[in-house]
Amino acid sequence: MSAKKRITELRALLDRANRAYYADADPIMPDREYDDRLAELAALEADHPELDDPNSPTKRVGGAPIEGFRTFEHAVPMLSIDNTYDEAEVRAWVDRVTKGLAGEGGLFGAEAQFVCDPKIDGVAMSLRYENGALVLALTRGDGSRGDDVTHAARTVRAIPLELSGKAPAVLEVRGEVFIPDSEFARINAEREAAGDEPFMNPRNACAGTIKQLDPKAAADRRLSFVAHGRGEVSDSAFAGAHSEFTDKIRALGIPTSPHQVIAKDSDAILKAIEAFDRARKTLDYATDGMVVRVDNLAQQDALGVRSKSPRWCIAYKYAAERKPTKLLEVQHMVGKTGRITPRAVLEPVLLAGTTVRHASLHNYGLVRSKDIRVGDTVQVEKAGEIIPQVMGVALGDRKKGARKIKAPESCPDCAGVVEIEPPEAVDDPSLETGRRCVNPECPAQVREKLIWFAGRNQMDIDGLGESTVDIIRATALDPDDPRRAEHGVPADTPTVPLEHFADIFALGAHREALLTLDRMGEKKVDNLLAGIEAAKSRGLARVLGGMGIRYVGTATSKLLARAFADLDALLAAEVWELMPQAVNRLSKPKRTALTGSEVLLEREYETGLGADTAPVFHAFLHSKAAKRAFDGLRKAGVDLTSRDYRDPGAAAASDSPFAGKTVVLTGTLESFTRPDLTERLEGLGAKVSGSVSAKTDIVIAGDSAGSKLEKARSLGVDVWDEARLLKALG
């Protein structure tokens, strides 16, 4: 057989295998055979470059990296979908749709029919085919414009590069790109083996993957795709209903959900929602709801759209999965500020796609109020499908011998003094909201502070995650300490000090010792040291936000950096200068009694600190521990000037729609990471908060917005979608 004929044969065979696996769910060959045939094809193509084809299955391994992203306008906007968690709201929506169509005279004499489709927890993407060939893949973006990620989409085996069969000249399909749970487990296992931090969840990993410039990342992570909607279709006769559209694109080789259900009324819709809730737990990908839409496309057009969402479609979101399991023991965890939190050790339970062995118990007052005991059967759920927490206890199942959980009277790590909050909880333990180790040298606090300091939203030192911090700190242990061997530290490795923030910036002097550590190859060490060097220039706000100072998180550190030009100015401030809002509320005689307060009142600024918290922060600034930390950072060459300082004489951005507003972000936005958007809004005069209250002015809601959006609606808070946000930002 000639090489040309064999190449043609292999390409056709592998394309059929992709379609059979992804679109038809009926594989025609095992993975090993597929890989062998792909390798054979790649070898033949290498020997015969004159037979190159850009749509060959071998091209899915990824080509050269692109230089940057281009954005394009969607031919048909990609609208968001209204969410509900309430069956009654689904019924009300069906009633509205039915009445709306009746108002059109019973459109074409047809009753409404509905299609129920699983809501995959992935990343929205639009694929454009022209004359049967894939020409463009766009992210949702702001709904009007999206980023061109064709380079990544071409590596996804579930996405056909050429359609099989006659298709309209222009055919756009919308769907979800996602990482299957089994692949996610493989990816994280490989990352941990390489010494990298594991990804938090499949959706975030997928979003980051398709936005990488190098398509090899998408190829290596084996993304998948399922279509669920349409964009521009040049042939209006191609399909008259959504169900017909999905049938036809599946026949062309595009994967659609096998769990799609046709429903005639509310009862049938709710029955489908309930049935899929049982089935989804067996799937190899995450789902968080069921999308219900009017099937007839002409009826969809008649119902129309609102400013951001169609009237003919709604998404029912499932409540967080909750399961019973046994509480085996309680660990007392010490955080970066010394806060001691009870953590449940559980009998392993499969929850929302992962095996859960630990869960938060929040605080000891809550443990007492719920009467949770070791040995109890407890109910566990994942907050936001991510963080496991104990929600309650099955008191009726309590066995004899269940032990009460005793709060530690001293620090479980350093045996230091513990402070109970609030103070009145000492006499009434049911009031307790927290307890804290007050020893600043506590080893557990030091470890957590170092990990936090290096984190992405603080000093952003890539490669200095939890496992790397533990490995380096293990070099200081006695050579006979078994923990040294557990972290892969050779017995003859010199001590690499890592006890204070400044020690991070001295790691360059220990390069050779770092190279001997487990999972610390030359490339990783050099990347780590480059990241440390880059972190020196992050500025005052990042340093303060990264030090784990009580009451000073990311938002407060930025406010302080706006008010004070550098660390020296901050250290020179009197305590009343750290709480300007509190001072402004004092009567004039009391304000006058505060030295220099008249100067303060001429300067309008906010620090995020008040009468209770400012003295605590002021005391820290002038403590021995803080002096040692700041002196060490200065000596290491860390920049302690502010990137955010605002000259008090400068005009405020009063023309900004965000000036003076309290803004809350929720859900996932296509155009911004949350830290970047927070920084931009704060630069326009907004205060970005983490919770919704009656004082909230604006809630910006992206995809998969949850309880914050529901609370905003109940309080009547102004809710913006991403399109409105982008318009306001210009």
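Reader: Leaving aside its neighbours within four places in sequence, which residues is G141 in contact with?
Author: Happy to start there, with the note that this is a predicted model. G141 sits in the loop between β5 (133–139) and β6 (145–147), and it is buried, with a relative accessible area of 7%. Beyond its neighbours within four places in sequence, its contacts are G146, E670, S671 and E722.

Reader: How many residues apart in sequence are G141 and A723?
Author: In space, their C-alpha atoms are 8.9 Å apart. Along the chain, the separation of G141 and A723 is 582 residues.

Reader: In helix α28, which residues are buried, and do they line one face or opposite faces?
Author: Helix α28 covers residues 722–729, and its buried residues are E722, L725 and L729. In an α-helix there are 3.6 residues a turn, so residues three or four places apart point the same way. Looking down the axis of α28, the buried residues fall within an arc of 60°, so E722, L725 and L729 line one face.

Reader: What do the buried residues of α28 pack against?
Author: E722, one of the buried residues of α28, is also among the contacts of G141. As for helices and strands, the buried residues of α28 pack against α26 (674–683), β23 (698–701) and β24 (718–720).

Reader: Which residue follows α28, and what is its phi?
Author: The residue after α28 is G730. Its phi is positive, near 75°.

Reader: How many disulfides are there, and why is C437 not bonded to C414?
Author: A disulfide needs two cysteine sulfur atoms within 2.5 Å. The closest cysteine sulfur to that of C437 belongs to C414, and at 3.6 Å it is too far for a bond. C437 is buried at 3% relative accessibility, and C206 is buried as well, at 0%. The count of disulfides is 0.

Reader: Where in the chain are F178 and Y285, and what kind of aromatic pair do they form?
Author: The whole structure holds 7 aromatic pairs. In this one, the rings of F178 and Y285 are 5.1 Å apart centre to centre, with 50° between the planes. The pair links distant parts of the chain, with F178 in strand β7 (residues 170–178) and Y285 in the loop between α9 (266–279) and β10 (287–294), 107 residues apart. F178 is buried at 6% and Y285 at 16%, and their pair is tilted.

Reader: What kind of aromatic pair do F453 and F505 form?
Author: F453 and F505 lie 6.3 Å apart centre to centre, and the angle between their planes is 90°. An angle over 60 degrees counts as edge-to-face, so the pair of F453 and F505 is edge-to-face.

Reader: Which residues form one aromatic cluster with F453?
Author: F453 is in helix α12 (residues 443–454), while F505 is in the loop between α15 (501–504) and α16 (511–515), 52 residues away. Both F453 and F505 are buried. The residues that join F453 in one aromatic cluster are F501 and F505.

Reader: Which residues of the largest nonpolar core touch the most other members?
Author: In soluble globular proteins, nonpolar side chains tend to be buried together. Here the largest nonpolar core has 54 residues. Those touching the most other members are I461, I504, F505, L560, L570, L578 and F617.

Reader: How many residues are in the other core, which lies apart from it?
Author: This other core includes L134, A218, F225 and I254. Its size is 33 residues.

Reader: Which ring does the charged end of R435 sit over?
Author: The charged end of R435 is 5.5 Å from the centre of the ring. That ring belongs to Y364.

Reader: Which peptide bond is cis, the one from E421 to what residue?
Author: Omega of this bond is near -15°. The residue after E421 lies in the loop between β19 (418–421) and β20 (434–437), and it is P422.

Reader: Is A415 buried or exposed?
Author: A415 is in the loop between β18 (403–404) and β19. Its phi is near 65°, a positive value in a residue other than glycine. With 56% relative accessibility, A415 is exposed.

Notes. Residues are numbered from 1 along each chain as its sequence is written. This is a predicted model: local features need pLDDT of at least 70, side-chain atom pairs count only at pLDDT 80 or more; totals for chains, interfaces and linings use all residues. Side-chain values use heavy atoms; hydrogens and water are left out. Buried means under 20% relative accessible area, exposed over 50%, partly exposed in between (1.4 Å probe, protein chains only). Helices (H or I, at least four residues) and strands (E, at least two) are DSSP runs, numbered from the N terminus. The arc is that of the directions from the helix axis to the C-beta atoms. Contact means heavy atoms within 4.5 Å. Rings of Phe, Tyr and Trp (its six-membered ring) pair if their centres lie within 6.5 Å; planes under 30 degrees apart count as stacked, over 60 as edge-to-face and the rest as tilted. A charge sits over a ring if NZ of Lys or CZ of Arg is within 6 Å of the ring centre and within 35 degrees of the ring normal. A nonpolar core is a set of buried Ala, Val, Leu, Ile, Met, Phe, Trp, Tyr and Cys residues joined through side-chain atoms within 4.5 Å.
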